[in-house]
Amino acid sequence: MSIIGIGIDIIKISRIKKIFNKFHVKFAKKILSKIEWLNFRHHHHKINFLAKIFSIKEAVLKALGTGWNNKINFKNILLIHNKSGKPKIKFINVKHYKYFITNIKKIHVSTTDEKEYIVSMVIIE
């Protein structure tokens, strides 16, 4: 196993709630892919849903070493789950980073949430 990068993020759920209350769906549409947007619309715990996705995607960007830039952003990162509920990452519309993405063998995602915080960790091989 050769590790390309490790990313970790912790976020206070009340921070996402404050942002969402200020910008409403504009904020959600900025960070969610089209598929995630559809799931968000039907989710009962919208703030927690947004906070978890935000935290995971932030950890992915940290593991990639790109941070926020014009070439890759939150909408290029798709969070899906396998049949048992394990989170998985897929990249969409990442033309500029295709050479880098093709070298990725596996992405490990772990996230946990408590009453006030969500913590996410990503390891990219």
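Which residues make the nonpolar surface patch of about 520 Å²? Here are some notes on that and a few other spots, with the reminder that this is a predicted model.

1. **The surface patch.** The patch is made by Met-1, Ile-3, Ile-6, Ile-8 and Met-121. Ile-8 is a good one to click on: this residue sits in strand 1, which runs over residues 5-12. Its relative accessibility is 51%, and because the cut-off for exposed is over 50%, Ile-8 counts as exposed.

2. **The nonpolar core.** Turning inward, the largest nonpolar core has 35 residues, and Leu-32, Leu-50, Ile-89 and Phe-91 touch the most other members. At least two core residues come from each of several elements, among them helix 1 (13-23), helix 2 (25-31), helix 3 (34-41), strand 2 (77-81) and strand 3 (87-91). Helix 4 gives the most, with 12 residues. As general background, nonpolar side chains tend to be buried together in soluble globular proteins.

3. **Ile-89 up close.** If you would like one core residue to look at, try Ile-89. Leaving aside residues up to four places away in sequence, Ile-89 touches Ile-56, Val-60, Ile-77, Leu-78, Leu-79, Ile-107 and Val-109.

4. **Three salt bridges.** How many salt bridges does a search of the whole structure find? The search finds 3. In general terms, side chains of opposite charge can pair when their charged atoms come close. The next three points take the bridges in turn.

5. **Asp-9 with Lys-62.** These two side chains meet at 3.1 Å, N to O. Asp-9 belongs to strand 1 and Lys-62 to helix 4, so the bridge ties together parts that are 53 residues apart in sequence. Asp-9 is buried, at 9% relative accessibility, whereas Lys-62 is partly exposed at 39%.

6. **Glu-36 with Lys-57.** Here the closest N and O atoms are 2.6 Å apart. The pair ties helix 3, home of Glu-36, to helix 4, where Lys-57 lies, across 21 residues of sequence. Are the partners buried or exposed? Glu-36 counts as buried, with 1% relative accessibility, and Lys-57 counts as buried too, with 0%.

7. **Lys-52 with Asp-113.** In this bridge the closest N and O atoms are 3.4 Å apart. Lys-52 is in helix 4 and Asp-113 in strand 4, so parts that are 61 residues apart in sequence are tied together. Lys-52 is partly exposed at 27% relative accessibility, and Asp-113 is partly exposed at 33%.

8. **Around Asp-113.** Strand 4 covers residues 107-113 and includes Asp-113. Not counting residues up to four places away in sequence, Asp-113 touches Asn-48, Lys-52 and Ile-118. Asn-48 is 65 residues away in sequence, yet the C-alpha atoms of Asp-113 and Asn-48 are 8.7 Å apart in space.

9. **Ser-120, a polar residue inside.** Ser-120 lies in strand 5 and counts as buried, at 1% relative accessibility. Its side chain makes a polar contact of 3.0 Å with the side chain of Thr-111. Beyond residues up to four places away in sequence, Ser-120 touches several others, including Ile-8, Asp-9 and Lys-52, names you will know from the points above.

10. **His-24, worth a backbone check.** Although His-24 is not a glycine, this residue has a positive phi of about 55°. His-24 lies in the loop between helix 1 and helix 2. With a relative accessible area of 46%, His-24 is partly exposed.

Notes
Residues numbered from 1 in each chain as written. Predicted model: local features only at pLDDT ≥ 70, side-chain atom pairs only at ≥ 80, totals over all residues. Heavy atoms only, no water. Helix = DSSP H or I, 4+ residues; strand = E, 2+ residues; numbered from the N terminus. Contact = heavy atoms within 4.5 Å. Patch = residues over 30% accessible without salt bridge, like charges linked within 9 Å, V, L, I, M, F, W, Y side chains within 5 Å. Areas by Shrake-Rupley, 256 points an atom, 1.4 Å probe, with all protein chains shown as cover. Salt bridge = Lys/Arg side-chain N within 4 Å of Asp/Glu carboxyl O. Buried < 20%, exposed > 50% of the residue type's maximum accessible area, 1.4 Å probe, protein only. Core = buried A, V, L, I, M, F, W, Y, C linked by side-chain atoms within 4.5 Å. Polar contact = N/O pair within 3.5 Å; in protein donor to acceptor, adjacent residues only side chain to side chain.
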